[in-house]
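Visitor: I would like a close look at a single part of this protein, with enough of its surroundings to place it. Could you take me to one strand and walk me through what lies around it?

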Amino acid sequence: MTTSWKNTAITPDSSIRDALLLLDKEALRIALVVDASDTLQGVLTDGDIRRGLLRNCTLQSPVTDVMNTKPLTAEAGTPRRDLVKLMARKKLLSIPLVKDGKVVGLETLQSAADSVLYDNPVFLMAGGFGSRLKPLTDACPKPMLKVGEKPILEIVLNSFIRAGFHNFYISLHYMPEQIQAYFGDGSRWNVNISYIYEQEPLGTGGALGLLPDNLPELPLILMNGDLLTTIDFEQLLQFHNKQQADATMCVRDYEYQIPFGVINGDGNKVTGMIEKPIQRLFVNAGIYVVSPKVRRQVKANQRIDMPTLLEQNIEQDNSVLMFPIHEYWLDIGRIDDYQRAQIDVINLGLF
């Protein structure tokens, strides 16, 4: 739910003192300056007031002297996850919602983030050696390599937190102490983080067998900890639940062009020719949702990869579905991927 914006509204002829009283009363750190028709004239924060006072404004000065006349706004109906991402990227605590130029709501970062909370476990795979990224990974596990100002794994964690997830498990093997020292128990992000240690590498699915028995009876999202993506995790989980799937694999379109003319024939007879055709396939995106039934199929210290686990379920005629993703996705497996990520994290607002 959005905050009742009228509680934060103030008229253009109000004084800075009036604004301070409103900011103190509502404790939202923002006032919306609106006219009689609810058209937004500007916004006012305690920072705006401080800067105004430093310019010799007085408490009796009108708010129009210090307000921000070009505030960032969002259209009413903008998805919650997009509002959270926008506010976090712009370092805003709130954003006015407008429709036809008039204020209709006020979304705050806290209320948007808290409006939906998922108890589903999220399992992040962070134990790989990152061999293809040497020498960067000689003294640093790949998930801890920084993209922009943050480790890859923190960017992944934040993407789930913005979607409402709070129950995390991280699988460790290579240089585990660096990851655990940085993330701790998750309290820095107001989430719960537990760690699963692989004594020996168990493949992309083997760590499922090391999870505690007291996990909630809910689908679990498993994701490689070296992926950058803007996928809608809420939509993924809703798809899995609606379809009552045993497992869901995220897939991406992949196409390649055969550099030759392809000939179709019947014996010695040419029946058709296609010049340099483009082949389109679905490929594994390294993100899965698995039911408790599938999760429990993996025994402790069993080495297994996720594709093998899903193949076994397909053979058992269990419901294994694919969820095509069209959002941004990057597997940081090579040096050039890592370099590309440094640009993408800025352009796409990944943080």
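Guide: Happy to; the close look below centres on strand β14 and one of its residues, Arg252.

Please keep in mind that this is a predicted model. Let's begin with the strand itself. Strand β14 covers residues 247-257, and its pairing with strand β17, residues 278-290, is antiparallel and runs over ten bridges. One place to find this pairing on your screen is Tyr254, which stands opposite Leu281 of β17. Strand β14 also pairs with strand β18, residues 320-324; here the two run parallel, and five bridges join them. For a landmark in this second pairing, look at Thr248, whose bridge partner in β18 is Leu321. So β14 shows both kinds of pairing, antiparallel with β17 and parallel with β18; in general, the strands of a sheet pair through backbone hydrogen bonds, in either sense.

Now to the residue. Arg252 is part of β14, and its side chain comes to 3.0 Å from the backbone oxygen of Glu327. Leaving aside residues up to four places away in sequence, Arg252 touches Leu281, Phe282, Val283 and Ala285, and also Ile325, Glu327 and Trp329. Leu281 therefore turns up twice in this picture: as a residue that Arg252 touches, and as the residue opposite Tyr254. For a sense of distance, take Leu215, which is 37 residues from Arg252 along the chain: the C-alpha atoms of the two are separated by 29 Å.

A second residue makes a useful companion to Arg252. Glu154 sits in helix α5, residues 152-162. With a relative accessible area of 4%, under the 20% cut-off, Glu154 counts as buried. The side chain of Glu154 makes a polar contact with the side chain of Trp189, at 3.4 Å. Beyond residues up to four places away in sequence, Glu154 touches Tyr182, Phe183, Arg188 and Trp189. Trp189 is thus both a residue that Glu154 touches and its side-chain polar partner.

There is another sheet to set beside the β14 pairings. This one is open and has three strands in the order β1-β2-β3, with mixed pairing. Its edge strands are β1 (9-10) and β3 (40-44), each of which pairs on one side only. Strand β2, residues 31-34, joins β3 in the antiparallel sense over four bridges, and Leu32 has Val43 of β3 as its bridge partner.

You may also want to check the cysteines. Cys57 is buried because its relative accessibility is 17%, and Cys140 is buried as well, at 16%. The count of disulfides is zero.

Finally, let me step back to the chain as a whole. The protein chain has eleven helices and 19 strands. Of its 351 residues, 48% are buried. The radius of gyration is 26 Å, whereas a compact globule of 351 residues would have one near 20 Å. Along the principal axes, the C-alpha trace spans about 90 × 55 × 45 Å. Among contacts between residues at least 6 apart in sequence, 67% join residues at least 24 apart. The chain exposes about 18100 Å², and carbon and sulfur atoms supply 51% of that area.

Technical notes
Residues are numbered from 1 along each chain as its sequence is written. This is a predicted model: local features need pLDDT of at least 70, side-chain atom pairs count only at pLDDT 80 or more; totals for chains, interfaces and linings use all residues. Side-chain values use heavy atoms; hydrogens and water are left out. Buried means under 20% relative accessible area, exposed over 50%, partly exposed in between (1.4 Å probe, protein chains only). A polar contact is a pair of N or O atoms within 3.5 Å; within protein, one must be able to donate a hydrogen and the other to accept it, and residues adjacent in sequence count only if both atoms are side-chain atoms. Contact means heavy atoms within 4.5 Å. A disulfide is a pair of cysteine sulfur atoms within 2.5 Å. The radius of gyration is taken over C-alpha atoms; the globule rule is 2.2 Å times the number of residues to the power 0.38. Accessible areas come from the Shrake-Rupley method with a 1.4 Å probe; for residues, only the protein chains shown count as cover.
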